[in-house]
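I opened this one in the viewer and kept notes as I went. The entries follow the order in which I looked things up.

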Amino acid sequence: ILKINIYQDQYLVAHTPDTLLIGDLESCKLSEVPWSGSGAERFIFDNAAVCMVYNAGELSLVEYGRNEILGSARTEHVSPHFISCRLNEAKPKGEHSPEVLENKKIAYLMDFQTVRVSDLVSARDVATISHDAKVDWLELNPSATKLLFRDKRRYLHLFDIATQTRSTLLNYASYVQWVPNSDVVVAQNRDNLCVWYTIDAPERVTIFQIKGDVEDIERAGGRTEVIV
């Protein structure tokens with residue numbers, strides 16, 4: 001081992017001459033993958049299940065506890081707002097057969113106006129979305145069947161991966177997020193809090209009047225709280 005680093009008091013990264021060791025000290029899961037990087041890699045720990053390694057324009061995904069690279073993507077945009085990775089967080093609705101054991105997808109920006117969604121299990125691209133304005137935020141739902149994205153004009157869009165259809169949810173969204181571990185969407189439109197309880201019917205939106213700006217959404221004990 002040539003070098004060992006600890007990040008955020010939780011993640012271990014070690015270099016050997018021809019491999020990379022990445023571990024989560026909390027779950028005690030360790031991965032060792034073949035690696036011949038530049039030594040100037042950037043390590044991103046925003047996802048609890050996977051470490052993203054950025055090197056020379058390529059993003060490599062290492063799932064904790066597995067000794068192979070899960071997948072890779074060519075992108076220059078590695079901000080957490082521009083990448084969404086979902087690993088077995090939820091099965092797509094109706095998929096209860098034993099064949100559908102793995103549900104792993106990533107959404108990322110190819111450029112500021114093009115979003116790509118890739119299936120990391122089959123190594124296939126499942127959607128490429130071209131937009132007419134710069135995208136400034138994106139996020140897959142837990143089952144990775146739908147993608148929310150917002151553009152610089154603050155328009156909020158929903159893309160259904162199965163049907164390859166797009167709809168505009170709001171023409172101004174200062175805040176948006178999937179409620180953790182659910183398919184419920186919460187967004188702020190000026191003094192309105194907009195909630196989609198049934199995202200399969202995007203036209204059905206519940207609106208609450210609020211004062212102030214939404215800062216976060218917390219879900220615990222069966223309750224969801226919006227922090228303003």
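How many bridges join β9 to strand β10? I counted five, and the two strands run antiparallel. One thing to keep in mind throughout is that this is a predicted model.

**Entry: the β9 to β12 sheet**

I picked out one pair along that ladder: S84 stands opposite A107 in β10. For orientation, β10 covers residues 104-111.

Next I traced the sheet outwards. It is open, has four strands and reads β9-β10-β11-β12, with antiparallel pairing. The edges are β9 (83-87) and β12 (124-130); each has a single partner strand, so one side of each is left without a neighbour in the sheet. I also looked up the twist: neighbouring strands of this sheet are turned by 15 degrees against each other on average, direction ignored.

**Entry: β15 and its two partners**

Then I moved to β15, residues 156-160. Is this strand enclosed or open to the outside? Five of its five residues are buried, so I noted the strand as largely enclosed by the rest of the structure. I checked the side-chain directions too. L156, L158 and D160 point one way from β15, while H157 and F159 point the other way, and all are buried. A reminder to myself that buried means under 20% relative accessible area here.

On one side I followed the pairing with strand β14 (residues 146-151). Five bridges join β14 to β15, and the two run antiparallel. Within that ladder, K146 has D160 as its bridge partner in β15. The connection is a hairpin with four residues between the strands. In its turn I found R154 with a positive phi of about 75 degrees.

The other pairing of β15 that I looked up is with strand β16 (residues 165-170). Here too the strands run antiparallel, joined by five bridges. F159 has R166 as its bridge partner in β16. β15 and β16 form a hairpin with four residues between them, and the residue with positive phi in this turn is Q164, at about 55 degrees.

**Entry: D151**

I stopped at D151, which sits in strand β14. Its relative accessible area is 0%, so I wrote it down as buried. Which side chain does D151 contact? I found a polar contact of 2.8 Å between the side chains of D151 and H131.

**Entry: salt bridges**

I pulled up the salt bridges and got a count of 14. As background, side chains of opposite charge can pair when their charged atoms come close.

I started with E102 and R66, whose closest N and O atoms are 3.2 Å apart. The pair links distant parts of the chain, 36 residues apart: E102 is in the loop between β9 and β10, and R66 is in the loop between β7 (58-63) and β8 (69-74). I logged E102 as partly exposed at 34% relative accessibility, and R66 as partly exposed at 33%.

Next came R153 and D132, a salt bridge with the closest N and O atoms 3.1 Å apart. This pair also links distant parts of the chain, 21 residues apart, with R153 in the loop between β14 and β15 and D132 in the loop between β12 and β13 (135-140). R153 is partly exposed at 39% relative accessibility, whereas D132 is exposed with 58%.

I then came back to R154, the residue with positive phi in the β14-β15 turn. R154 forms a salt bridge with D136, with the closest N and O atoms 3.1 Å apart. R154 lies in the loop between β14 and β15 and D136 in strand β13, so the pair ties together parts that are 18 residues apart in sequence. The relative accessible area of R154 is 28%, which makes it partly exposed, and D136 counts as buried at 12%.

Last in this entry, I checked for shared partners. Salt bridges of that kind join E63, R66, E68, E102 and K104 into one network.

**Entry: a nonpolar surface patch**

I finished at the surface. Which residues form a nonpolar patch there? I noted I1, I4, I6 and L25, with about 410 Å² of accessible area together. I4 belongs to strand β1 (residues 3-7).

Terms used
Residues numbered from 1 in each chain as written. Predicted model: local features only at pLDDT ≥ 70, side-chain atom pairs only at ≥ 80, totals over all residues. Heavy atoms only, no water. Patch = residues over 30% accessible without salt bridge, like charges linked within 9 Å, V, L, I, M, F, W, Y side chains within 5 Å. Areas by Shrake-Rupley, 256 points an atom, 1.4 Å probe, with all protein chains shown as cover. Salt bridge = Lys/Arg side-chain N within 4 Å of Asp/Glu carboxyl O. Buried < 20%, exposed > 50% of the residue type's maximum accessible area, 1.4 Å probe, protein only. Pairing = 2+ DSSP bridges. Axes fitted to C-alpha atoms, helices over the stretch in contact; angles between N-to-C directions. Polar contact = N/O pair within 3.5 Å; in protein donor to acceptor, adjacent residues only side chain to side chain.
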